[in-house]
Amino acid sequence: MQLNIRRKQNYALHASGFNCSSPSPQMDLPDAQFHLDLWLGFTVQNYFLDVGHTILMLLRRSPRSVPSLAVHLGVIAVVMGTSLRLVVDSVVHRLLSSGYQLHLPINENPILKMTTLPSLVGIIELLFFFDQTIAHLLWCVPLFSALFLYFGGCFCPRKKQRNVPAAAWMLLLPNAVYFWFLITERQTFILFTFTFFAMAATVLHQRRRGMVPNSNGLLMLSSFSTALIMVGVWIICLWNKEVLRRRHPGLIYLPQPSVVYSLHQQEAPSQSHTSRPASA
């Protein structure tokens, strides 16, 4: 008799333990709070350091376990991309001090037309290719991958959804401006758009399970959406600049802020000279 009772108790405990190990999406899930320390560190470090330390911060908060080999490869890629950018930036600064005009194509620069080394143009084109293609991919692919992995854990049951705190709205514009800088200056429009659509597909998939984005997920979606709006306004404002179109040929017309600043520096003295007789 006692043996039968013990068997029933063990069976009941085993059944309860099995049920608790696979909870439904609507039960036993803690509501994720807003990660103020993460997003504040993300904003400050991206503005002042512009290195890949934020990738490790995002991976530590990611609900999915990332293999250590992938993390190490991501860090190595970021270091290599940053090193290439520093090398090319030093060369570009040297060229700018010698009269190089960044808003013009390489073949149309007066300083390169006067050179006696024909191979110098090919070397500079190769440097810009490493900077604008390889270095940007090495730096931005790990960043957007870490953002997407972190976004996968920014969901909670609909009943536990909270209002977005004021700190998140305060960080919305700085994050959107930084993403705008990544799209325009780093020329990562395709990678950024692909990440944004992947996030939107994740939201649709999670809604079928009764899950909605929490405050962290809403901040990411709002930052990405605002950055895309800013990119659209940026393109509309510079749509009729023929010089920039020669500098950025191709289907995607996306002028870099540094190129626009170089063009503005060249146009400012000419405008001041033409305005002096009118004022007189």
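Which side chain does the side chain of Asn216 meet in a polar contact of 3.4 Å? In this predicted model, the partner turns out to be Tyr150. That pairing is a handy place to start a tour of the fold, but a quick look at the whole chain helps first.

The protein has 280 residues, and 38% of them count as buried. Its secondary structure adds up to 11 helices and 2 strands. Reading from the N terminus, the order of the elements is α-α-α-α-α-α-β-α-α-β-α-α-α. The chain also folds back on itself quite a bit: of the contacts with a separation of 6 or more, 75% are between residues 24 or more positions apart.

Back to Asn216, then. This residue sits in helix α9, which covers residues 215-237. Its relative accessibility is just 1%, and the cut-off for buried is under 20%, so Asn216 counts as buried. Besides its neighbours within four places in sequence, Asn216 touches Gln33, Phe34, His35, Trp39, Tyr150 and Cys154. Take Phe34 from that list: Asn216 and Phe34 are 182 residues apart in sequence, yet their C-alpha atoms are 5.7 Å apart in space. Tyr150, also on the list of contacts, is the residue whose side chain makes the 3.4 Å polar contact with that of Asn216.

Further along helix α9 comes Ser223. Like many a residue tucked away from the surface, Ser223 is described by one small number: a relative accessible area of 1%, which makes it buried. With neighbours within four places in sequence set aside, Ser223 is in contact with Leu172, Asn175, Ala176 and Phe179.

Asn175 and Phe179 turn up again where two helices pack together, since both belong to the α7 side of the contact between α2 and α7. Helix α2 spans residues 36-48 and helix α7 spans residues 166-184; the two pack at an angle of about 30°, with their axes 10 Å apart. Their crossing is left-handed. On the α2 side, the contact is made by Leu36, Trp39, Leu40, Phe42, Thr43, Asn46 and Tyr47. Helix α7 brings Ala167, Leu171, Pro174, Asn175, Val177, Tyr178 and Phe179 to the contact. Sorted by class, the residues where α2 meets α7 are 11 nonpolar and 3 polar, with no charged ones. Trp39 of α2 has a part in this packing and is also one of the residues that Asn216 touches.

What about charged pairs? Side chains of opposite charge can pair when their charged atoms come close. The count for this model comes to 1 salt bridge. Glu108 and Arg246 form it, and their closest N and O atoms are 3.4 Å apart. Glu108 lies in the loop between α4 (68-97) and α5 (110-113), while Arg246 is in helix α10 (residues 242-247), so the pair ties together parts that are 138 residues apart in sequence. Glu108 has a relative accessibility of 31% and counts as partly exposed. Arg246 is partly exposed too, at 41%.

One last stop is Gln206, in helix α8 (residues 189-208). Its relative accessibility is 10%, and Gln206 therefore counts as buried. Leaving out neighbours within four places in sequence, Gln206 is in contact with Phe155 and Met211.

Key:
Residues numbered from 1 in each chain as written. Predicted model: local features only at pLDDT ≥ 70, side-chain atom pairs only at ≥ 80, totals over all residues. Heavy atoms only, no water. Helix = DSSP H or I, 4+ residues; strand = E, 2+ residues; numbered from the N terminus. Buried < 20%, exposed > 50% of the residue type's maximum accessible area, 1.4 Å probe, protein only. Contact = heavy atoms within 4.5 Å. Polar contact = N/O pair within 3.5 Å; in protein donor to acceptor, adjacent residues only side chain to side chain. Axes fitted to C-alpha atoms, helices over the stretch in contact; angles between N-to-C directions. Left-handed = near helix turned anticlockwise from the far one by under 90°. Nonpolar A, V, L, I, M, F, W, Y, C, P; charged D, E, K, R; others polar. Salt bridge = Lys/Arg side-chain N within 4 Å of Asp/Glu carboxyl O.
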